Amino acid sequence: MRRNTGSHRSTAVVLAAVAALGAGLLSGCADDGDDGSAGSSGGGDSKGKTLVTVGTYGVMGFKQAGLYDEYTKLHPDIKIEENVIDPASNYYPQLLTHLGSGSGLADIQAVEVGNINEVTTTQADKFVDLSKADGVKKENFLDWKWAQATAKDGKTIGLGTDVGPMAICYRKDLFQQAGLPADRNAVSELWAGDWQKYLDAGKDYAKKAPGGAAFLDSAGGLFNAAVSGGSEVYYDKSGKPIYKDSPAVKKAWKLATDASTAKLSAGLQEFTKPWQQALANGKFATASCPAWMLGQIKEYAGDKYKGKWDVAAAPKPANWGGSFLSVPQAAKNKDEAVKLATWLTAPEQQAKLFEKQASFPSAQAAYDLPQVADAKLPYFNNAPIGKIFSQAAKDSPTQVLGPKDAVIKQNFTDVGLLQVEQQGKSANEGWKAAIKTNDNALDQ
């Protein structure tokens, strides 16, 4: 399933991608039959087992990967119930409402990266400090992932599930036809270290663009990929919104609008029906490609393009997406919830989740496990995705997050850049529209 709600897109689409990729990466995934509202349903069932409820959005994959079944086999006195709220844009407001009232909460609540800062800075007292849980090792996680869910007082309210390390997915057949190198290492070298080199490669591609296929899918995708590699993006370290003057935002904006002006972009809005159809019809040669994007490409490009897509390193390391598991203080079965959240996010389980559901681990300790280290993807020309994305994850910067990152990002892409790409507005006009919308959203 797809989400188009700003940064909710990140993990939400991760989850959709996971579902799509699962069949091709390692194994199939079951259909998620759960759909309901968050809320603990009590402390036990009719058989005397302790019920642990898990509140999520989309398909986080724990159930589909068999992790709940594995855990309950190890702990036969535990029963797990997952309550899924879709769309993700409905999940977070309900979570805040339940936190405010102290009731209706699941024992474990998932939190998307676009919301983690707001939760960490304004709601930390309502969550368990998971850094003190038995078996949790900070060093197992990526430093920047751990930092995202850690409050100023050192309390860590969420354990990372997945991340979205960045690469570039590209059509090697189109590159060959356009006279560009097709080998993934050579392609990586083509734009190593600078997103501008990526555009320069696009300009060379455009000179012989096969069949009129654009170089990249959308200016919004490029913007998100480039801006996701910045350390300070929408907020500075003091918590002040800086989206109007942020060098990272301005640089990413220029890249994106230059790509549009130079007609390198197909002018699509990612994850929409036209974007899916363009994949099916081979209308663009590259896409900014967090790990979860692989599933989207495979799903919509279809068997026709199996083996023609490949994966190269991104110009600069970046992360787009990710989630956490947290345990509210008001959880009815708090102790058991902490144990389950700790187990689900341990490196061994994250490796299994990647193997079954393609959710890329936030636990760096999982990167050396064979499920990750040896992972290759036949659809993408047997690209060694475990190695490519592990390196990108390790090299990604610790990014300053703010409470409204999700909203701001969405307004830059779905308001400003869409006006440039699809309404013929100038880069300056699109910028002003995005800034105005963000000012209104943040009451600036």
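Salt bridges in a predicted model

Lys339 is partly exposed, its relative accessible area being 48%. The structure is a predicted model, and Lys339 serves here as the entry point to its salt bridges. The partner of Lys339 is Glu336, with 3.6 Å between the closest N and O atoms. That distance counts as a salt bridge because the cut-off is within 4 Å. Both residues belong to helix H13, which covers residues 334–344. They sit three residues apart, about one turn of the helix.

Side chains of opposite charge can pair when their charged atoms come close. By the rule applied here, the model holds eight salt bridges, and two others are followed below.

One of them joins the side chains of Asp439 and Lys244, at 3.3 Å from N to O. Asp439 is in helix H18 (residues 427–442), while Lys244 is in the loop between helix H9 (219–227) and helix H10 (247–261), so this pair ties together parts that are 195 residues apart in sequence. Asp439 has a relative accessible area of 16% and is therefore buried, the limit for that class being under 20%. Lys244, at 35% relative accessibility, is partly exposed.

Another salt bridge links the side chains of Arg171 and Asp173, where the N to O distance is 2.7 Å. Is Arg171 buried or exposed? Arg171 is buried, as its relative accessible area is 4%. Asp173 has a relative accessible area of 13% and is buried as well.

Terms used:
Residues numbered from 1 in each chain as written. Predicted model: local features only at pLDDT ≥ 70, side-chain atom pairs only at ≥ 80, totals over all residues. Heavy atoms only, no water. Buried < 20%, exposed > 50% of the residue type's maximum accessible area, 1.4 Å probe, protein only. Helix = DSSP H or I, 4+ residues; strand = E, 2+ residues; numbered from the N terminus.
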